[in-house]
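User: Could you take a close look at the backbone of this one, starting with any odd peptide bonds? Then please follow it out into the rest of the fold, so I can see what sits around it.

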Amino acid sequence: MREEIEYQFRTDEEFARTLDRDDPLSFRDHFFIPESKIYMDGNSLGLQSRNARQGVQRVLDEWKTLGIGGWLEGNPPWFYYAESLGAKARGLVGALPEEVVATGTTTINLHALVSTFYQPHHGRTTILADELNFPTDIYALRSQIRLKGHDPERDLVLAPSDDGRYLDEQTIVGMMTDDVALVCLPSVLYRSGQLLDIKYLTEEAHKRGIPIGFDCSHSVGVVPHYFDEWGVDFAFWCSYKYMNGGPGSTAFLYVNKAHLQKEPALAGWFGYVKEKQFDMNLEFEHAQSAGGWQISSPSILSSAPLEGALDIILQAGIENIRRKSLMMTSYLMYLVDEILADGPSTVRIGTPREPARRGGHVALEHEEAMRICEALKVRGVIPDFRPPDVIRVAPIPLYTTYHEIWRVVQNLKEVVDTREYETFPPERNAIS
Ligand SMILES: *Cc1c(COP(=O)(O)O)cnc(C)c1O
């Protein structure tokens, strides 16, 4: 979605119902919607679909009836599962089939890729990241710097944010200096929902001879990507958020075709040239595909939900999903502006207004965000809380309705107006 869109919304309930009636893209029937809940947390854990469930059931049956035979006789064969899921997902990220593989988990894939692409040399020793990234990325980048014998205090440089919400691409580019060996950034910021300009950042990094990779956990499945066209060097993302693969489902990684001859730095036998893997040679010969970055046997049971989950996304079409997502987040922000922006119930929007600059969720800011979130959950509305003051609300195009968005805002108004949140303790749960 590159064009700007003008919407004409209204605040009444009937209007929300009209939007649902006129909606060409609902796949809600394919999903199990938690009973009497309004589920707005699909950006943390997407819901289960019948299709995802069928994939798991089939693999369980294959294991039951085929035993070890499933590696070659499964449908698709487990031995090629990672590659076939990668090929299936490629359209979501604008890649060739051999550039994407379903493997490992997000942070593991970061390690596998950064260890390969971070090659400090000739005074270029720095990794440029940002201070708003998801913490696991920062922990992992620090440890990668240490493993290369460098000092993360000096060699990890974080692009700052002026307001704790957003990053400025110009600032990041200004920090792409001669000492930078690698840039590693998120696509969508997990808190504010800002979508970075991946194309621009990639061009600018390459002008300076710096490889660049992206953590797209918060965008794949809701925002289209064009990695090949943009020339991104590598990317990785989880599959349990907008891809609806289930808790801890197998993650993905992408390596640009220009780099497929590179030796993966964290070798393992599933990265071997496939036809020769079972020769059991002690010399490692890596596959010249994204599959070369696999380390271990694929987690078949954690991959199986993805087949069906991907079928739905492909059937809906990622461009259509994006169009509806933008309309839904615009509608949500409109309602918050109209109903909640004044007086005692002030709730601020901490997400970019421009469609091209935001991902799939909206950040609502309030100093009592944590307790408001708890109050909403008791009412059956499921958003999530991110410290210090953000309530994240994600309308999921495949299964959220406009009427649910309308009800979320009504509930929020009641909770805030009556200070219902004050009955909740100020301590936080282990998972929020
Ligand atoms: C969700 C998310 C992760 C999660 O990492 P795991 O290794 O899957 O636990 C990492 N990075 C970002 C940006 C995320 O949004």
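Analyst: **Backbone oddities and what surrounds them**

Let's begin in a loop: Pro76 is found between helix H3 (70-73) and helix H4 (81-93). Bear in mind that this is a predicted model, so everything below is a reading of the prediction, cis bonds included. The bond leading into that proline, from Asn75 to Pro76, is cis, with omega near 0°.

There's another cis bond further along the chain, this time with a proline on both sides of it: Pro387 to Pro388, with omega near 5°. Pro388 has its place in the loop that links strand S12 (384-386) to strand S13 (390-393). A further backbone quirk is Met280, which has a positive phi of about 60° although it isn't a glycine. You'll find Met280 in the loop that runs from strand S8 (252-255) to helix H11 (300-316).

Now stay with the Pro388 loop and look at the strands on either side of it. S12 and S13 pair with each other in the antiparallel sense, over three bridges. If you want a landmark for the register, Arg386 stands opposite Val390 in S13. Helix H12 (residues 318-340) packs on the sheet these strands belong to, touching S9, strand S10 (362-365) and S13. The direction of H12 makes about 15° with that of S10. As for the sheet as a whole, four strands make it up, in the order S9-S10-S13-S12; it's open, and the pairing is antiparallel. Strand S9 (348-349) and S12 are the edge strands, each pairing on one side only.

The Met280 loop takes you to another sheet, through S8. Here seven strands form an open sheet in the order S2-S8-S7-S6-S5-S3-S4, and the pairing is mixed. Its edges are strand S2 (100-102) and strand S4 (156-159), both of which pair on one side only. Neighbouring strands of this sheet are turned by 20° against each other on average, direction ignored. Further in, strand S6 (residues 212-215) and strand S7 (residues 234-237) run parallel and are joined by three bridges. Asp215 is a handy marker for that pair, standing opposite Phe236 in S7. Helix H9 (residues 198-207) lies across strand S5 (180-186) and S6, and runs at about 155° to S6.

Stepping back to the domain level, the protein is divided into domain 1 (13-30 + 318-423) and domain 2 (53-314). Note that domain 1 is given as two stretches of the chain. The centres of domain 1 and domain 2, taken over C-alpha atoms, are separated by 30 Å. Where they touch, domain 1 puts in 29 residues and domain 2 puts in 23 residues.

That brings us to the cavities. The structure holds two of 30 Å³ or more. The second largest, with a volume of about 30 Å³, is the one to check against the domain boundary. Its lining is made by Gly221, Val222, Tyr242, Asn244, Ile321, Ile396, Pro397 and Leu398. Both domain 1 and domain 2 give residues to that lining, so this cavity lies between them. By class, the lining divides into six nonpolar, two polar and no charged residues.

The largest cavity has a volume of about 40 Å³. Around it you'll find Leu132, Gly164, Arg165, Leu189, Arg191 and Ser192. This lining is an even split: two nonpolar, two polar and two charged residues.

If you're clicking through the model, I'd go in this order: the cis bond from Asn75 to Pro76, then the one from Pro387 to Pro388, then Met280 with its positive phi. After that, finish at the cavity that lies between domain 1 and domain 2.

Note on methods. Residues numbered from 1 in each chain as written. Predicted model: local features only at pLDDT ≥ 70, side-chain atom pairs only at ≥ 80, totals over all residues. Heavy atoms only, no water. Pairing = 2+ DSSP bridges. Helix = DSSP H or I, 4+ residues; strand = E, 2+ residues; numbered from the N terminus. Axes fitted to C-alpha atoms, helices over the stretch in contact; angles between N-to-C directions. Contact = heavy atoms within 4.5 Å. 1 Å grid on protein atoms, 1.4 Å probe; cavity = no way out; pocket = protein on both sides within 12 Å on 5 of 7 lines; lining within 4 Å. Points joined across faces, edges and corners; volume = space filled by probe spheres on them. Nonpolar A, V, L, I, M, F, W, Y, C, P; charged D, E, K, R; others polar. Domains from an automatic or database assignment.
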